[in-house]
Number of protein chains: 4
Amino acid sequence: MTKPLLIQGATVVNADREFKADVLCVDGQIAAVGPDLEAPAGADKLDGSGRYLMPGGIDPHTHMQLPFMGTVTRDDFFSGTAAALAGGTTSIIDFVIPDPQEPLMDAYRKWRGWAEKAASDYAFHVAITWWGDSVHRDMGTLVNEEGVNSFKHFMAYKNAIMCDDETLVNSFRRSLELGAMPTVHAENGELVFLLQAEMKAKGILGPEGHPLSRPPAVEAEAAQRAIAIADVLNVPIYIVHVSSAESAEAIARARARGQRVYGEVLAGHLVIDDSVYRDPDFVKAAAHVMSPPFRAKGHGQMLWRGLQSGSLHTTATDHCTFCAEQKAAGKDDFSKIPNGCGGVEERMAVLWHEGVNGGKLTPSEFVAVTSANAARLFNLYPKKGLIAAGADADLVLWDPAATQTLSVKTQHSLGDYNIFEGMTVQGKATHTLTRGHLAWADGDLRAVRGAGQYLKRAPFAPQ
Amino acid sequence: MTKPLLIQGATVVNADREFKADVLCVDGQIAAVGPDLEAPAGADKLDGSGRYLMPGGIDPHTHMQLPFMGTVTRDDFFSGTAAALAGGTTSIIDFVIPDPQEPLMDAYRKWRGWAEKAASDYAFHVAITWWGDSVHRDMGTLVNEEGVNSFKHFMAYKNAIMCDDETLVNSFRRSLELGAMPTVHAENGELVFLLQAEMKAKGILGPEGHPLSRPPAVEAEAAQRAIAIADVLNVPIYIVHVSSAESAEAIARARARGQRVYGEVLAGHLVIDDSVYRDPDFVKAAAHVMSPPFRAKGHGQMLWRGLQSGSLHTTATDHCTFCAEQKAAGKDDFSKIPNGCGGVEERMAVLWHEGVNGGKLTPSEFVAVTSANAARLFNLYPKKGLIAAGADADLVLWDPAATQTLSVKTQHSLGDYNIFEGMTVQGKATHTLTRGHLAWADGDLRAVRGAGQYLKRAPFAPQ
Amino acid sequence: MTKPLLIQGATVVNADREFKADVLCVDGQIAAVGPDLEAPAGADKLDGSGRYLMPGGIDPHTHMQLPFMGTVTRDDFFSGTAAALAGGTTSIIDFVIPDPQEPLMDAYRKWRGWAEKAASDYAFHVAITWWGDSVHRDMGTLVNEEGVNSFKHFMAYKNAIMCDDETLVNSFRRSLELGAMPTVHAENGELVFLLQAEMKAKGILGPEGHPLSRPPAVEAEAAQRAIAIADVLNVPIYIVHVSSAESAEAIARARARGQRVYGEVLAGHLVIDDSVYRDPDFVKAAAHVMSPPFRAKGHGQMLWRGLQSGSLHTTATDHCTFCAEQKAAGKDDFSKIPNGCGGVEERMAVLWHEGVNGGKLTPSEFVAVTSANAARLFNLYPKKGLIAAGADADLVLWDPAATQTLSVKTQHSLGDYNIFEGMTVQGKATHTLTRGHLAWADGDLRAVRGAGQYLKRAPFAPQ
Amino acid sequence: MTKPLLIQGATVVNADREFKADVLCVDGQIAAVGPDLEAPAGADKLDGSGRYLMPGGIDPHTHMQLPFMGTVTRDDFFSGTAAALAGGTTSIIDFVIPDPQEPLMDAYRKWRGWAEKAASDYAFHVAITWWGDSVHRDMGTLVNEEGVNSFKHFMAYKNAIMCDDETLVNSFRRSLELGAMPTVHAENGELVFLLQAEMKAKGILGPEGHPLSRPPAVEAEAAQRAIAIADVLNVPIYIVHVSSAESAEAIARARARGQRVYGEVLAGHLVIDDSVYRDPDFVKAAAHVMSPPFRAKGHGQMLWRGLQSGSLHTTATDHCTFCAEQKAAGKDDFSKIPNGCGGVEERMAVLWHEGVNGGKLTPSEFVAVTSANAARLFNLYPKKGLIAAGADADLVLWDPAATQTLSVKTQHSLGDYNIFEGMTVQGKATHTLTRGHLAWADGDLRAVRGAGQYLKRAPFAPQ
Ligand SMILES: [Zn+2]
Ligand SMILES: [Zn+2]
Ligand SMILES: [Zn+2]
Ligand SMILES: [Zn+2]
Ligand SMILES: [Zn+2]
Ligand SMILES: [Zn+2]
Ligand SMILES: [Zn+2]
Ligand SMILES: [Zn+2]
């Protein structure tokens, strides 16, 4: 049991408003929020004056300890969540990804085991990579017994985990029945497959071939298809890592029809453009290979506008750290470069700097897109995503005046590259609490291996 | 001082979530929200089981006691706010409308005097109907000393209160400077003027000429113009009574560009169509004459979609009750029919029935569009629009199972017509509290003349 | 060799303009167009005063003599083209539809044989229903040797002729290489399959289940997918039978990006709505079963707007006549009703009446959407689709004052139902010439079995 | 009378198609178009092999000899039309611009007098700068007796020629009545006025203040307003010099609703961006001052897409040549720099190079947007804009292989600046005929002062 902690004098920021208040944390929960609270006996105090106190960040899209080609990503559930805490993020939603034909429950249990070492709370989306009676049944078990209320569908990665329209349609239908949220990685896998072959036939083998084989229209097609299927089946849908203006517009169009469509955007897609793939240094270019790729200048602006207007809802990172040695597998063929970049530690700072300092978001909107919206969409709210009595004491104390320069040299992630390298941002998490434990305090990382809890998420009303 | 009141066992609904809790009201404010609260000594209790407890409605667009052609609307500030309370609405924002050349402060003081008899809280938008140095100065006084943070602009009503682009541009600029929100009645007055003349030249003199002289494109033009001017001047803008698909789309397009545009929709426009103007009974047809007019079927659906997708934000009524005798002034010329309809009493029930029962809105979204959004946009939040400790005890207890049939026979408004006549709705305000006073209780209206308070609204950050 | 024919005094209408001129036809071709032409010796004369002389209609979408379930459609290539001539249409483009795995050339030769009895000129789109090396090769043969420059892809009809994305992508790519136009029937076959099963599971077995299993979003999804694939591969694309507002908008959006997308609309979709499926008489309801189905009121208006604004280009019929006995195969299961309706004979009159008389199209625009645009898109222009010296003498003389009532009783098609039954239209083909032969003259049908010629169509510049 | 001329072996390009043919010109008209024509006795011959023969360009927007501040533009009607001929343009439509309160007929006669020296054919749009009974009457005289079928409205230039909404509405209505086309210069003059004052208040006095005071939203607002008014009054409308993505989209949206809206784009806006205003050399920066201004990169692409998709229709230049000395009037105040740039000579080459060579337009589409569409919209077709027997022999012979570098040093316009300076383009007018006279032949300019004729243009069907 941690000692009670009283945070005094900060400006509390929730998604609906900001206000001056003290916040008292007891036994891992917020016990009180109000002016001039009295500290219980034995309580620690933390001075929040001149700072914002916000709900800890939720990163709804990470891949810690992801097995790939006989190896795994550099960050496991401990190092990854520790890095998250250092950046002000207190919960992640990771992915269980069964191989085709692998029973869902087997994969699920495997990932649950791996995640026990996490330092922050965590939950799982479960990917539907194939279809069959057991999949139908296991989806029910996951929702009703295991607290899973979202399923993931890869529309790309042909000959691997790509699911065809038949699987998509059946899984969406089943999700509706169970009260779970279907989510999609939206890229047309057939087009990617053809374009990769064509690039290679033309002799384009380096990382510059990566974005050429996955243009925005490839993403927009899949987004529109998933949205249309969801519309026909009357199920809500969440599009992960929306990277292009075209996809964002597809979501906005659907929402304007009244459809329940939600979009996630990655911190990287908001600030990095596709010039990185033309870097002559393979290591640098390859370090940016992820899907969807970084886009031409201009797309980022449309993603910001989506966050501003409410047609995009959450920010994530798709944190998935392969090191240079692993990336080298695609030295002679860009299509073999393991896809993935880091960011779980930098997301909050990048969003604050570009969003709030840049005049695009108010502090309340910042809380909405980094925490509250994810909590609401995946049914973690109000335990997560809100500062109120009764909520988990997952908090970040934010100094809007402090500056920091993001770099691989100072990061806590075990990845060997930082896609935000050299970016100087104003605004910084000075303290992070996970269930009342001060896991990050003025540069001191006190993450506890295994302290994180698995978050069971209740389904929405099934239909 | 009213006695403390403990409302027990209801489902509290805020814009962000619903939860079971007791709510304790003391001295006109909410003292506590939580499970199993204890009643203070002498407190009354109210059983909320099986009901929703929501923030009282805010109607951001009413015209009580509006002077017109030597007469005034039937509802004054007492009867109008009493009717509001009977329907679950606890605050209104009315309009001060100076004549051209009339000093703003004179008009403002006149309206403040009229409003002293109100039974619920109230605030004022002030209309800018002309331009000059004194207007510039008085806007400053109103914002800085009188708690006005929104100004209204009529783009229609040529030769009366219509303001031209020069006034619009200057007033928007001044609003930005002061941190006030400009709002517009969006119809192109020159087109209305021409079309009215043409209808009459064709011999169309009855109420059916009213919608013909104000087609959707007339509204959309003005909405687009106001939005464009606001965009160029970098000032937020609020469009009152959006009635057509075209205007709603103009707002959605601007928001998709990241512009801060807000839209209001009237309960009537959501459920009534323009067939009413073809009623052979002049009294009925004339009773529906308001501007913008009711629209062809199909527009309503787009307005609902706007509320669902977040491109429209508030619901109002433009409550403005002229009786049959007054409407008869336009017996031989539709352009002389005083514009206005009632609704302040029915709005909440109509929105609940069509919105929540109809599957278009969740209860939280209902609270957002009937109360919380207006409170936030006009800076009344969190005193209004939220159930939380410290907020004003403006509350409505809602029975989702009760049905009622809306009718002029049972209404409390002094108007002699009910545009929702005969509509049976499920969902009903059983109790309404204004600052902790039970002003409506199971059919018993206990509104107190003069009990309402004027709401000073702080400006937003001026620029 | 027919005798020369001089048509005097008509208003000649081309897609670019109308003008008074005489037109001389010699040896199946237009020999001269001009004022006051002299008739050669032995020439017949036809008085065109008070009438329009227009290029004969081109119906780019028919299915004559289509084999189905051991039977064939009622109209064969003779009766179908004869009916066409009676309505002013002088060319059709029909479809060769190989079974999956059937060699393209075999199917092509079979259809060529069937078509030899045609009374008007004809060409073929060839459907790509599967993929393989021989398909790739045969596409080349068809383009380079057989005068085929367009290929059809069915995105619906799962477990039959539906082609998956892999086939689509490969065939589009091959089309580009050859300079041929890919075309698609746009409906998502997986969704149709699921929805059909669901309707039946709910006990909806009659024709009313047909539109419920193919809502507009099912069509829009496929249209968007095909457009996106074409965009990525940089190939033009032609969407057949656009029936819904959503599909039309998808085309318009793509065109606004500069993409070369073309849309076809059926006469039936322009004027008939989905109330037909709720007719209690199975025969009537089933007679309207075609895909995409007739739509709710409102869609037709958007299709007209597409023709007006140039985002839709051609009008067709999908003429495919199954009689009541054949339709009865689906008496207990709507999904077994053979899909298809007639219309090849009525298209021109319906388009004129609703389009030109209705103020939506000028006569030149009528020529564009009934003839010239199809000729240009499928490379038949200027031999077809234009009145100019050197063009084929395929002409229709049009009396804008004559009225006719469309009916199965007076039609020349062998179908036993007329979807335009009872519609009285003003405007009528009084004379139709095919290659200078007067095949329809004031109610006298003189169609000649086998007189029609196969139209070889050169490819566009291959890439 | 010029000698007959036979142009042999060229590829004739019309808006609907291209074909090999000889073209015979006799007495100022095209006498025949066909293969292997025989030259009449005494005819000259011109070898067109390897070249395109196209209808002479029509520039629907020029200001020759425009009076301004006591001086006039450098190009008068002779030098301006001579320059046009050197570039392949054979007709211009210029503007009569009455001062406010000046009788229309007086202004009209003044301009007719000035134009008598023109070397090519010409017509006039007449500007409506004020409203009154005489304006109403003179519009009728101009249409019915003087062959004017289009009127211009300036929505900018406050305190000068700007017309308010009342004038706009009345003039549009009168245009409809007469069968004339209203056209607008779309910029919101009130906003420009305010923004100019603000820029100057901030100390921004140089040419960089010009685009800052006329951002795209200022143009889009006016375009939308004009379109909406036209929509309500049911009159077609033509927007001159569409320069921004936002305006182009407003037109496209209106067209998608079926409205008859037409858009013109200037050659300069297609290829030049707003970086020119930041040139430290005042002479250069000021030379580019015109309204609407050149725009940020990206807008040009959207204008090209408008031409491709058919939502923009014509290309023009707004040719209006003020020299450095004249531009110097605004040395200390950008708002005093006379607005205007040249281009009448370069338009065809710029359009060909960027459009046809750049893969955006086919040769037929080039003819449409440089000649045929303007001819059709302003009722000059088929005398102008078409190569066919009976049309005027206004022709340009185009060498697609020749290159030229555009420069003030080699231009024929009397302006002292060339906005396309240094641009090397492939494609060149080698010969230009005006009414059969070879006015430009392989670099030899043989323009004849006063040879141009005034083009009377019949109204469209009045309503
Ligand atoms: Zn992904
Ligand atoms: Zn991922
Ligand atoms: Zn109003
Ligand atoms: Zn009002
Ligand atoms: Zn089909
Ligand atoms: Zn078909
Ligand atoms: Zn202009
Ligand atoms: Zn001009």
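Me: Which word fits both C:His61 and C:His63, buried or exposed, and what makes it fit?

Reply: Happy to start there, with the reminder that this is a predicted model. Both C:His61 and C:His63 are buried. That word is used because each falls under 20% relative accessible area.

Me: What makes C:His61, C:His63 and C:Asp318 donors of the zinc ion (ligand 6)?

Reply: Distance decides. The NE2 atoms of C:His61 and C:His63 and an OD atom of C:Asp318 lie at 2.1 to 2.2 Å from the zinc ion (ligand 6). The cut-off for a donor is 2.8 Å, so these nitrogen and oxygen atoms qualify. Along the chain the donor residues are spaced H-x1-H-x254-D. This zinc ion (ligand 6) also has a neighbor, the zinc ion (ligand 5), 3.5 Å away.

Me: How do you know which residues of chain D serve as protein donors of the zinc ion (ligand 8)?

Reply: By the distance rule again. D:His61 (NE2), D:His63 (NE2) and D:Asp318 (OD) sit 2.1 to 2.2 Å from the zinc ion (ligand 8), and the limit is 2.8 Å, so they count as donors. Their spacing in sequence reads H-x1-H-x254-D. The zinc ion (ligand 7) is 3.5 Å from the zinc ion (ligand 8). As for the two histidines, D:His61 and D:His63 are buried.

Me: Why is A:Ser291 called buried rather than exposed?

Reply: Its relative accessible area is 4%. Buried means under 20%, so A:Ser291 earns the label. A:Ser291 belongs to the loop between helix 10 (282–287) and helix 11 (299–309) of chain A. Leaving aside residues up to four places away in sequence, A:Ser291 touches several others, among them A:Tyr157, A:His185, A:His241 and A:Asp318.

Me: What makes the side chains of A:Ser291 and A:Asn339 partners in a polar contact?

Reply: They are joined at 2.4 Å. The limit for such a pair of N or O atoms is 3.5 Å, so the pair passes. The side chain of A:Ser291 also has a polar contact with the side chain of A:Arg214, at 3.1 Å, and that value too is within 3.5 Å.

Me: Why is helix 13 of chain B described as mostly covered?

Reply: A count settles this one: eight of the 11 residues of helix 13 (residues 347–357) are buried. Those residues include B:Met348, B:Leu351, B:Trp352 and B:Val356. Just after the helix, B:Gly359 adopts a positive phi of about 80 degrees.

Me: How do you know whether chain B and chain C touch?

Reply: They do not; the nearest C-alpha atoms of chain B and chain C are 10 Å apart. To be in contact, heavy atoms must come within 4.5 Å. Chain A and chain D do not touch either, and their nearest C-alpha atoms are 10 Å apart.

Me: What makes the pairing of C:Glu221 and A:Arg225 a salt bridge?

Reply: Their side chains meet at 4.0 Å, N to O. The rule asks for a side-chain nitrogen of Lys or Arg within 4 Å of a carboxyl oxygen of Asp or Glu, so the pair is accepted. The count between chain A and chain C is six salt bridges. Helix 4 (165–178), helix 5 (189–201) and helix 7 (216–233) of chain A each give at least two residues to the side that touches chain C. Helix 7 supplies the largest share, 10 residues. By class, this side of chain A has 11 nonpolar, three polar and 10 charged residues. Together, chain A and chain C bury about 2,000 Å², 66% of it on carbon and sulfur atoms.

Me: What makes D:Arg260 and C:Glu365 a salt bridge?

Reply: Their side chains meet at 2.6 Å, N to O. That is within 4 Å, so the name applies. Between chain C and chain D the count is two salt bridges, alongside 14 residue pairs in polar contact. The side of chain C that touches chain D draws two or more residues from each of helix 8 (245–256), helix 11 (299–309) and helix 14 (363–377). Helix 11 of chain C gives the most, three residues. The area buried between chain C and chain D is about 1,600 Å², with 39% from carbon and sulfur atoms.

Key
Residues numbered from 1 in each chain as written. Chains lettered and ligands numbered in written order. Predicted model: local features only at pLDDT ≥ 70, side-chain atom pairs only at ≥ 80, totals over all residues. Heavy atoms only, no water. Donors = N, O, S within 2.8 Å, 3.2 Å for Na, K, Ca; no water. Buried < 20%, exposed > 50% of the residue type's maximum accessible area, 1.4 Å probe, protein only. Buried area = accessible area lost by both parts, 1.4 Å probe. Helix = DSSP H or I, 4+ residues; strand = E, 2+ residues; numbered from the N terminus. Nonpolar A, V, L, I, M, F, W, Y, C, P; charged D, E, K, R; others polar. Polar contact = N/O pair within 3.5 Å; in protein donor to acceptor, adjacent residues only side chain to side chain.
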